[in-house]
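Student: Got a minute? I'd like to go through this structure with you.
Tutor: Sure, let's look at it together.

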Amino acid sequence: MTVKRIVANLNTEDPGALAGFYRAVFGLDLLMDQGFIATVGSDANAPVQLSLASEGGSGTKLPAISVEVDDLDAALKRARAEGAAIEYGPVDEPWGVRRFYLRDPAGNLVNILCHA
């Protein structure tokens, strides 16, 4: 058996609007929209990972999802332009990542990171 993908499912009353937020901040494509569910993503290959944790690190709350980017400053600028609440950082962590947390419009805590 081979795992082909793992998808995070975030609860929201307005899937289309939340998809718009993730498209604007991360440049993702709308892959599917069935009204009750909208899926955004990229055709680029992404590794399959599942993190299991008791906290978010550095004493922070555990985020619902983590998104690795290649330019943290650009992601922060786009998040602020979308009105996202920045809850933590940006900060250089001792384990070699630079990151910040934001709250998406549905209230989900999201970890945005890049490797140093």
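Student: How many bridges join S5 to S6?
Tutor: Seven bridges join strand S5 (residues 97-103) to strand S6 (residues 109-115), and the two run antiparallel. Strands (E, at least two residues) and helices (H or I, at least four) are DSSP runs, numbered from the N terminus. Two strands pair if DSSP finds at least two bridges between them.

Student: Can I trust the numbers? How are they made?
Tutor: This is a predicted model, with local features needing pLDDT of at least 70, side-chain atom pairs counting only at pLDDT 80 or more, and totals for chains, interfaces and linings using all residues. Residues are numbered from 1 along each chain as its sequence is written, and side-chain values use heavy atoms, leaving out hydrogens and water.

Student: What stands opposite Val97 in S6?
Tutor: His115 does.

Student: And what order do the strands of the sheet take?
Tutor: S3-S6-S5-S4, four strands in an open sheet with mixed pairing.

Student: Why is one side of S3 and of S4 left without a neighbour?
Tutor: Strand S3 (65-68) and strand S4 (85-92) stand at the edges, so each has a single partner strand.

Student: New topic. Which residues have the most contacts inside the largest nonpolar core?
Tutor: Phe100, Leu102 and Ile112, in a core of 18 residues. Such a core is a set of buried (under 20% relative accessible area, 1.4 Å probe, protein chains only) Ala, Val, Leu, Ile, Met, Phe, Trp, Tyr and Cys residues joined through side-chain atoms within 4.5 Å.

Student: Which element gives the largest share?
Tutor: H1, with five residues.

Note on methods: Buried < 20%, exposed > 50% of the residue type's maximum accessible area, 1.4 Å probe, protein only.
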